[in-house]
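Please walk me through this structure, beginning with the ligand and what surrounds it, and then turning to the sheet and the aromatic rings.

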Amino acid sequence: HDSNDTQVVKLTGEEVAQHNNKDSCWVIVHGRAYDVTEFLPEHPGGPKIILKYAGKDATEEYEPIHPPDTLDKYLDKSKHLGEVDMNTVQREEKEYDPEEEERQKRIETMPILEQCYNLMDFEAVARKVMKRTAWAYYSSGADDEITMRENHNAYHKIWFRPRVLVDVENIDTTATMLGTKVDMPFYVTATALGKLGNPEGEVILTRGAKKHNVIQMIPTLASCSFDEICDAAEPGQVQWLQLYVNKDRNITKRIVQHAEKRGCKGLFITVDAPQLGRREKDMRSKFADVGSNVQSTSGDDVDRSQGAARAISSFIDPSLSWKDIPWFLSITKMPILLKGVQCVEDVIRAIESGVHGVVLSNHGGRQLDFARSGIEVLAEVMPVLRERGWQDRIEIYIDGGVRRATDIIKALCLGAKGVGIGRPFLYAMSAYGLPGVDRAMQLLKDEMEMNMRLIGAAKVSDLNPTLVDTRGLSMHTAVVPEDTLGRNVYDPLIGPKEKAV
Ligand SMILES: Cc1cc2c(cc1C)[n+](S(=O)(=O)[O-])c1c(=O)[nH]c(=O)nc-1n2C[C@H](O)[C@H](O)[C@H](O)COP(=O)(O)O
């Protein structure tokens, strides 16, 4: 009986199991049954993955990809069939998976958290202990991953010109981003599907951001619902919203205005992903029939062989253009920033369009391969803005490949307000949960303090272009590819008596 004493008929597992095909397809999620027969052709992740669980409990597969309120929001109430007596549900024998057995062994022998000394340590551990599909999704970049690797590599082409005999007894690492005072000049950038790495998902990043008083950018494609992530924030904790613009602008308007109502202090419109990039590791990990976006635009024919990324992003509007900016400025009072700007011409255009800032970013190398790193674009942009006296017209952020506090310092020396950090916090969360995120942020803080002291800057506003040498930054001297085949047949000089090498 439910709260007003009406008889609640519980379905049995046997009843649900009879609806196990495309003509009648019921699935169980969180102990409740749903008739998804008519939804099958609309599922952005393809019908296959649903049919794989037709008549069964799909919760484990469903959980990392869909925010909890997805079915309530997007499946007509008439298809909600009610509670299932889970004791009557046939449990599938898990087939033996040697890879999973190996992974469990690696988890048992993984380093303790205190053995992680920098952000790359978390990546190394995560690579060993994460599920293959989760690692593939987080670690993948587009095409040959040249840009993904260049993002961090670019920082190695910038050298410091430290100043000495500066009083650096007290170091102040605080900064202000869109009017919010933060303890460190970095924010947790938007990265989709947090529950792939950790069953709690993005709310772990929320708690880590609170602890270190930095800002979290909430992804449109989070595994947790938007409200869950807002509810996990403590009073006064500042969050921003990252937005993928939906072809259905009413859905977008509703999301933006709800975010403003929930107290978000910045709207970051992602502009470098009119279509999500081809991330081959993600594709190979057989996400082809898994994943679904939370904003289905029904009837879209999605190419499902592209992995989770493509499957969860079919709603994104590739027709988004500069002419849409006035509409965004009209529907919200939040500062609007464009995330994924990649050349100075578009920064000028952004300023002229009236937005409040940009993130110079190539989406962590997950979009256009051979796009330049955020730091290289920053080095192109700031001198041009300074020439025009526009360097303070908008707030400029960068992201991509930030793994050391020296990377953050280089970005601030060149004029960024702050940097976004993605994968490192995902890896820390996936390997060690909240303690991992906490340690990762603390390590960055310790590095920041030490390196500011050594560069001769007591506070963030002391960081300026004279402290860095960027002459090598635009050198894209890619090494000659290792011509392994050619080398095997390469014939150095062979004299009359010399034998072939
Ligand atoms: C690692 C990662 C990045 C994603 C991301 C998911 C992952 C796993 N996703 S994605 O599935 O669509 O590609 C998003 C996203 O939802 N929206 C977005 O604006 N950027 C997305 N990004 C890009 C992110 O916001 C930063 O630009 C990028 O992560 C910065 O590079 P690092 O990871 O090297 O710090």
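**The ligand and its surroundings**

A backbone N or O atom of glycine 401 lies 3.0 Å from an oxygen atom of the ligand. In this predicted model, the protein covers 100% of the 650 Å² of accessible area that the ligand has on its own. Side chains also approach the ligand: lysine 339 places a polar side-chain atom 2.8 Å from a ligand oxygen atom, and histidine 363 has a polar side-chain atom at 3.0 Å from an oxygen atom of the ligand.

The shell as a whole consists of 24 residues, the closest being Tyr137, Ala190, Tyr244, Thr270 and Arg403. By character, the residues of this shell divide into eight nonpolar, 10 polar and six charged. As for the helices that contribute to the shell, α7 (132–139) and α18 (423–455) each supply at least two of its residues.

Away from the ligand shell, the next topic is the sheet. Five strands form an open sheet in the order β1-β5-β4-β3-β2, and the pairing is mixed. Because β1 (11–12) and β2 (20–21) stand at the edges with a single partner strand each, one side of each is left without a neighbour in the sheet. Strands of a sheet pair through backbone hydrogen bonds, in either a parallel or an antiparallel sense.

Following the strand order from β1, one comes to strand β5 (residues 80–85), which runs parallel to β1 and is joined to it by two bridges; here leucine 11 stands opposite valine 84 of β5. On to strand β4 (residues 32–35), the pairing with β5 is antiparallel and rests on three bridges, with glycine 82 in β5 serving as the bridge partner of alanine 33. At the other edge, β2 pairs with strand β3 (residues 24–29) in the antiparallel sense over two bridges, and asparagine 21 is found opposite serine 24 in β3.

The aromatic rings remain to be considered. A pair of such rings is described by the distance of the centres and the angle of the planes. Across the whole structure, a search finds 10 aromatic pairs, and Tyr187, Trp240, Phe268 and Tyr397 form one aromatic cluster.

Which residues lie over the faces of phenylalanine 160 and tyrosine 117? Over the face of phenylalanine 160 lies lysine 410, at 5.4 Å from the ring centre, whereas arginine 439 lies over the face of tyrosine 117, at 5.8 Å from the ring centre.

How values were computed:
Residues numbered from 1 in each chain as written. Predicted model: local features only at pLDDT ≥ 70, side-chain atom pairs only at ≥ 80, totals over all residues. Heavy atoms only, no water. Phe/Tyr/Trp six-rings, centres within 6.5 Å; stacked < 30°, edge-to-face > 60°. Lys NZ or Arg CZ within 6 Å of the ring centre and 35° of its normal. Pairing = 2+ DSSP bridges. Helix = DSSP H or I, 4+ residues; strand = E, 2+ residues; numbered from the N terminus. Near = heavy atom within 4 Å. Polar contact = N/O pair within 3.5 Å; in protein donor to acceptor, adjacent residues only side chain to side chain. Areas by Shrake-Rupley, 256 points an atom, 1.4 Å probe, with all protein chains shown as cover. Nonpolar A, V, L, I, M, F, W, Y, C, P; charged D, E, K, R; others polar.
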